[in-house]
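Visitor: Could you walk me through the surroundings of the ligand in this model? I would like to see the reasoning behind each answer.

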Amino acid sequence: MNNDCIFCKIITGVIPAQKIYEDDKVFAFLDINPVNPGHTLVIPKEHFKNIMETPPEILCNLVKVVQKIAPAIVKATDSEGFNVGINTGSSAGQVIFHTHIHVMPRRSDDGRALWKGKEYGEGEIEETAEKIKTAIG
Ligand code: 5GP
Ligand code: ZN
């Protein structure tokens, strides 16, 4: 529990939220500002600031819950599919620094667009792959 963390306060009930699922390790509730109604946040009950700080077995628990509840979210909201997202770091749009997975129900007519891809320059894709492989070690 981190006393400064909004999501820790949601888990303990200090801040109200629409809980849709809970087990001993994982909590899931509706995002207050949804991409579409039913947009859900799946979080570990233990506080970690992002996925890199979260133990792999806890991440597995989160993904298992995503797999369990996503079809129910889609069905209940009369959706057709869903996006899963994890924003990591401010530059990637992370605002709440308690690990969370977004599950966002989608319909083909919902007017929400995905990012458009950009092109690599000459030789850039190979150079990028080499740099990443070197960084992985
Ligand atoms: P991030 O941008 O960090 O990946 O996502 C944080 C999400 O938490 C946002 O989509 C935001 O709408 C949601 N959020 C922030 N504060 C609250 C809150 O007090 N209650 C609920 N239910 N969602 C929140
Ligand atoms: Zn927290």
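Visitor: Which helix or strand supplies the largest share of the shell around ligand 1?
Guide: Happy to start there, with the reminder that this is a predicted model. Two elements, α1 (6–12) and β2 (26–30), each supply at least two residues of the shell. The largest share is three residues, and it comes from α1.

Visitor: How many residues of that shell are nonpolar, and how many are polar or charged?
Guide: Ligand 1 is surrounded by 16 residues, with D31, G93, V95, H100 and H102 the closest. By class, one residue of the shell is charged, six are polar and nine are nonpolar.

Visitor: What is the distance between the polar backbone atom of G93 and an oxygen atom of ligand 1?
Guide: Let's take the backbone contacts together, using a cut-off of 3.5 Å between N or O atoms. A backbone N or O atom of I32 is 3.3 Å from a nitrogen atom of the ligand, and one of I96 is 2.9 Å from a ligand oxygen. For G93, a polar backbone atom and an oxygen atom of ligand 1 are separated by 2.6 Å.

Visitor: Why is the pair of F7 and F29 edge-to-face or stacked?
Guide: Good one! There are two aromatic pairs by the ring-centre rule. The ring centres of F7 and F29 are 5.3 Å apart and their planes stand at 80°, so this pair is edge-to-face. Because F7 lies in helix α1 and F29 in strand β2, the pair ties together parts 22 residues apart in sequence. With planes over 60 degrees apart as the criterion, the name for this pair is edge-to-face.

Note on methods
Residues numbered from 1 in each chain as written. Chains lettered and ligands numbered in written order. Predicted model: local features only at pLDDT ≥ 70, side-chain atom pairs only at ≥ 80, totals over all residues. Heavy atoms only, no water. Near = heavy atom within 4 Å. Polar contact = N/O pair within 3.5 Å; in protein donor to acceptor, adjacent residues only side chain to side chain. Helix = DSSP H or I, 4+ residues; strand = E, 2+ residues; numbered from the N terminus. Nonpolar A, V, L, I, M, F, W, Y, C, P; charged D, E, K, R; others polar. Phe/Tyr/Trp six-rings, centres within 6.5 Å; stacked < 30°, edge-to-face > 60°.
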